[in-house]
Amino acid sequence: MDDFSPPRIPYTRPSITELEVAYATDAARNGWGEHCYDYIVRFEEAFKRHLGVAYAIATSSCTGALHMGMYGLGIGPGDEVIMADSNWVATLAPIVHLGATPVFVDILLDSWCLDPEQVEAAITPRTKAIVAVHLYGNLCDMDALLAIGERHGIPVIEDAAEAIGSVFHGRRAGSMGRFGAFSFHGTKTITTGEGGMFVTNDPDLYEQVLTLSNHGRARGQTRQFWPDMVGFKYKMSNVQAAIGCAQIQRIDELVTAKRKIFMLYQEALKDLPLRMNPEPDGCTNGYWMPTFVVDDETPFQRDDLIGELQSNGVDARVFFWPLSSTPTGGRKAFETPYLADGIHLRALNLPSHHNLSDDDASFVCDKVHSYFSRKR
C-alpha cells in the first residue's frame, strides 16, 4: 500500500505572530468610543514614514483607494485611462465604475509592466490618467512614465498592491505618482485581512479623498451628520489597523523573507529555459510573487504543470489573463499582437508564503525540474 502523503504547500498565507494577536486583542477590548480610531491613525502614520510620503488614508481595499483617488482626479464618463493589458480586474474596476474606458497597452518583455512607448502613443484628448501597476513586485519604468505624464499634463497613478518592498532608484513603489494605492489582502506581503491604503504628496487631493472616504463629510465640518458631498464607505476598521501596525513594525522581516524565497527559486531553477522576476540595476524587487515565464522555443503546457504540482500538494497560480480577453470592458489601444496575448500561457506563479521552508521550496523545484526533464 502506498502511504505517500504529499505535502500541502499553499501559494500564499499571512505571517501572523503574537504581536499581531496582541494588538488586535487590545483594539477589540479597548478600541471603542474616543479610541475607535487610535490604531488607524497609528497605522497611517507608520505607513507614511515607511513610504516617505506626506499623506496616507487607510481604506477597506486597494480598489477602494483607487476608486476614491480616480474620483478625486475628476475621472468620469467619456474619459480614458491607460493601463497594461496584463492585470487583475481590481485595477480596471474603478475605471469602469466611474464610467470611463480602460485603454489597454502592451507590457514589456523584461518587466511584464507597462510599455512606455505604447503609453505615449495611446494618449488621446480623452486620456485622463495612466495607471502604472507594479506587477508581482516588478517595477514599471517610472522615470519614463512620469516624463510622459508631465509632457502631456496627465497624472500617473501607481497601483502598488503587489509592490511593498520594491524600490525604484531610491524611491519606494507607490510614492512617485500623483497618488499610490496598496493592498493588505491576506495574500499580500503585509496584511490586515482585507484592507488598503491611499497615499499622496498632493495636499488638495488628500483633503478631497479624506472627505470622500468619510461619507463626504469634510474635516472641520461642525454640524453633526452633515455630508458636504456624496462620498464612499471605504474605511478600514480599528481592529484591522491594529494588525497593520504589527505588520508594518515587521516590514523589513517580511520583505526579507519574500526575497529569500525568491532567491531559493532563482538558484534552483537557473538552468531551466525560463526567466523570473527581474531586478534592474538601482532597483529592489520586493518579490511579492515569484513568477517564471518559459522561453518561447521550449514546449510547455501551463495547465499540465499546474496539474502535476497540484497532484503533489503544491498550489500554483496562473499569470494574469489579458483583460482584453475578458468580458470586463475596455479596449486595446492597438491592433498589433500583444505580448500580453500569450504570456499567461507560458507563465506560472510559485508558492511564496513567509513560512515556506527550504525543503518545501526544494520540493517545488524538484517537481518543476521533473516536468522540464521530460520536455527535452
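**Exercise 1. In this predicted model, decide whether His169 counts as buried, partly exposed or exposed.**

Step 1. Start with the relative accessibility of His169, which is 44%.

Step 2. Recall the cut-offs: buried means under 20%, exposed means over 50%, and partly exposed lies in between.

Step 3. His169 therefore counts as partly exposed, given its 44% relative accessibility.

Step 4. Now place the residue in the chain: His169 sits in the loop between β6 (167-168) and β7 (171-172).

Step 5. Look at the backbone too. Phi of His169 is near 45°, a positive value in a residue other than glycine. Most residues other than glycine have a negative phi.

**Exercise 2. Find where His215 lies and what its phi is near.**

Step 1. Go to the loop between α7 (203-212) and α8 (238-249). His215 has its place there.

Step 2. Read the backbone angle: phi of His215 is near 60°, again positive in a residue that is not glycine.

Step 3. Check the accessibility. His215 counts as partly exposed because its relative accessibility is 39%, and that class runs between the 20% and 50% cut-offs.

**Exercise 3. Describe the largest pocket: what is its volume, and which residues are closest to its centre?**

Step 1. The volume of the largest pocket is about 600 Å³.

Step 2. Its lining has 24 residues, and those closest to the centre are Glu44, Leu210, Ser213, Asn214 and Lys235.

Step 3. Next, ask which elements contribute. At least two lining residues come from each of α2 (38-51), β1 (55-59) and α7 (203-212). The largest share belongs to α2, with 5 residues.

Step 4. Sort the lining of the largest pocket by character: 14 residues are nonpolar, 3 are polar and 7 are charged.

**Exercise 4. Do the same for the second largest pocket: which element gives the most to its lining?**

Step 1. Begin with the volume of the second largest pocket, about 510 Å³.

Step 2. Its lining is made of 28 residues, with Trp88, Ala90, Glu162, Lys188 and Phe320 nearest the centre.

Step 3. List the contributors: α3 (62-72), α4 (89-97) and β13 (317-318) supply at least two lining residues each.

Step 4. Among the contributors to the second largest pocket, α3 gives the most, with 3 residues.

Step 5. Finish with the character of this lining, which divides into 14 nonpolar, 9 polar and 5 charged residues.

Methods. Residues numbered from 1 in each chain as written. Predicted model: local features only at pLDDT ≥ 70, side-chain atom pairs only at ≥ 80, totals over all residues. Heavy atoms only, no water. 1 Å grid on protein atoms, 1.4 Å probe; cavity = no way out; pocket = protein on both sides within 12 Å on 5 of 7 lines; lining within 4 Å. Points joined across faces, edges and corners; volume = space filled by probe spheres on them. Helix = DSSP H or I, 4+ residues; strand = E, 2+ residues; numbered from the N terminus. Nonpolar A, V, L, I, M, F, W, Y, C, P; charged D, E, K, R; others polar. Buried < 20%, exposed > 50% of the residue type's maximum accessible area, 1.4 Å probe, protein only.
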